Amino acid sequence: MGKFLPLVIFFVLAWFLYDGLGRDTKKLPSPLIGKSFPNLEVEDFETTEKYTTQSVLKGQITLVNVWASWCVTCRAEHQMLMKIAKTNSIQMLGINYKDTHKEGQIFLNRLGNPYDKIIFDQAGKLGLELGVYATPETFIVDSQGIIQFKRIGQLTSEIWKTQILPLIQQLKLLEKTKP
């Protein structure tokens with residue numbers, strides 16, 4: 001039995017490695033899907049005015065994007081967000097996560113501002129409630145304030161066309177059929 005122990009250990013480790021390499025880490029299931037977006041009092045990035053998240057989300061389908069100036073992937077994703085904003089197909093809410101106001105403003109001045117509204121989450125409190133552990137993260141929230149989709153990582157044209165846009169169209173269709 002002692003001769004086969006290293007071989008058994010090797011196969012067990014090989015299986016875990018094989019299994020781990022085959023997983024798409026961007027498709028982690030979120031326990032928030034189907035639940036209300038956290039309703040916290042937040043600070044507006046531009047005005048420092050306080051409001052609740054649900055007051056911004058209710059009544060409109062919203063793309064919520066968690067970003068930071070220090071995030072390299074956020075820079076890569078930003079051009080796609082600017083394209084989406086030009087379509088006016090959805091409300092866009094940004095969450096400036098664990099950043100400084102100065103650096104966040106420089107980021108927006110250089111790359112443009114695709115957001116209808118931005119929450120300043122310097123301490124990361126809202127991010128913590130959303131389970132954010134890597135930026136960028138994108139959520140689709142329906143007009144009732146319920147999270148319908150979560151994406152960890154860069155939002156690409158392919159993801160927009162194949163996953164998010166069909167979901168938005170479905171949500172809009174459902175809204176039309178409600179009394």
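# A first walk through the predicted model

R151 is found in strand β7, which covers residues 147–152, and that is where this tour starts. Keep in mind that the structure is a predicted model.

**Two residues in β7**

Is R151 buried or exposed? With a relative accessibility of 12%, R151 falls under the 20% cut-off, so it counts as buried. What does its side chain reach? The side chain of R151 gets to the backbone oxygen of Q154, at 3.3 Å. R151 also has a partner from another part of the chain: N65 is 86 residues away in sequence, yet the two C-alpha atoms are separated by 9.4 Å.

Strand β7 is home to K150 too. K150 has a relative accessibility of 16%, so this residue counts as buried as well. Its side chain makes a polar contact with the side chain of E137, at 3.3 Å. E137 is where strand β6 begins, as β6 spans residues 137–141.

**The whole protein**

Now step back a little. The protein has 6 helices and 7 strands. Reading from the N terminus, their order is α-β-β-α-β-α-β-α-β-α-β-β-α. The protein has 179 residues, and 43% of them are buried.

How do contacts spread along the chain? Take the contacts between residues at least 6 apart in sequence: 71% of these join residues at least 24 apart. Here are three pairs of residues to look up in the model, with their spacing along the chain and in space.

| Pair | Separation in sequence | C-alpha to C-alpha distance |
|---|---|---|
| I106 and S69 | 37 residues | 8.1 Å |
| V42 and K125 | 83 residues | 9.1 Å |
| R151 and N65 | 86 residues | 9.4 Å |

**V42 and its neighbours**

V42, from the second row, lies in strand β1 (residues 41–44). V42 has a relative accessibility of just 7%, so it counts as buried. Which residues does V42 touch, if you skip the ones within four places in sequence? They are E49, K50, Y51, T53, I119 and L126. Of these, K50 and Y51 sit within strand β2 (50–52).

**How α3 and α4 pack**

Next, a pair of helices. Two packed helices can be described by the angle between their axes and the distance between those axes. Helix α3 (residues 72–87) and helix α4 (residues 101–111) pack at about 50°, and their axes are 11 Å apart. That angle is why α3 and α4 are oblique to each other. The crossing of α3 past α4 is right-handed.

Which residues meet there? From α3 come C74, R75, H78 and M82, and from α4 come F107, L108 and L111. Sorted by class, this contact has 5 nonpolar residues, 1 polar residue and 1 charged residue.

Helix α4 also holds I106, the residue paired with S69 in the table. I106 has a relative accessible area of 27%, so it is partly exposed.

**Backbone details in the loops**

A few loops are worth a look as well. In the loop between α5 (125–130) and β6 you will find P136. A cis peptide bond joins T135 to P136, with omega at about -5°.

Then there are two residues whose phi is positive although they are not glycine. One is T48, with phi near 65°, in the loop between β1 and β2. T48 has a relative accessibility of 49%, so it counts as partly exposed. The other is N88, whose phi is near 55°. N88 belongs to the loop between α3 and β4 (91–97). Is N88 buried or exposed? At 69% relative accessibility, N88 is over the 50% cut-off and therefore counts as exposed.

Notes:
Residues are numbered from 1 along each chain as its sequence is written. This is a predicted model: local features need pLDDT of at least 70, side-chain atom pairs count only at pLDDT 80 or more; totals for chains, interfaces and linings use all residues. Side-chain values use heavy atoms; hydrogens and water are left out. Axes are lines fitted to C-alpha atoms, for helices over the stretch in contact, and angles run from 0 to 180 degrees between N-to-C directions. Helices (H or I, at least four residues) and strands (E, at least two) are DSSP runs, numbered from the N terminus. Angles under 35 degrees count as roughly parallel, over 145 as roughly antiparallel, 65 to 115 as roughly perpendicular and the rest as oblique. A crossing is left-handed if the near helix is turned anticlockwise from the far one by less than a right angle, and right-handed if clockwise. Contact means heavy atoms within 4.5 Å. Ala, Val, Leu, Ile, Met, Phe, Trp, Tyr, Cys and Pro count as nonpolar, Asp, Glu, Lys and Arg as charged, and the others, Gly among them, as polar. Buried means under 20% relative accessible area, exposed over 50%, partly exposed in between (1.4 Å probe, protein chains only). A polar contact is a pair of N or O atoms within 3.5 Å; within protein, one must be able to donate a hydrogen and the other to accept it, and residues adjacent in sequence count only if both atoms are side-chain atoms.
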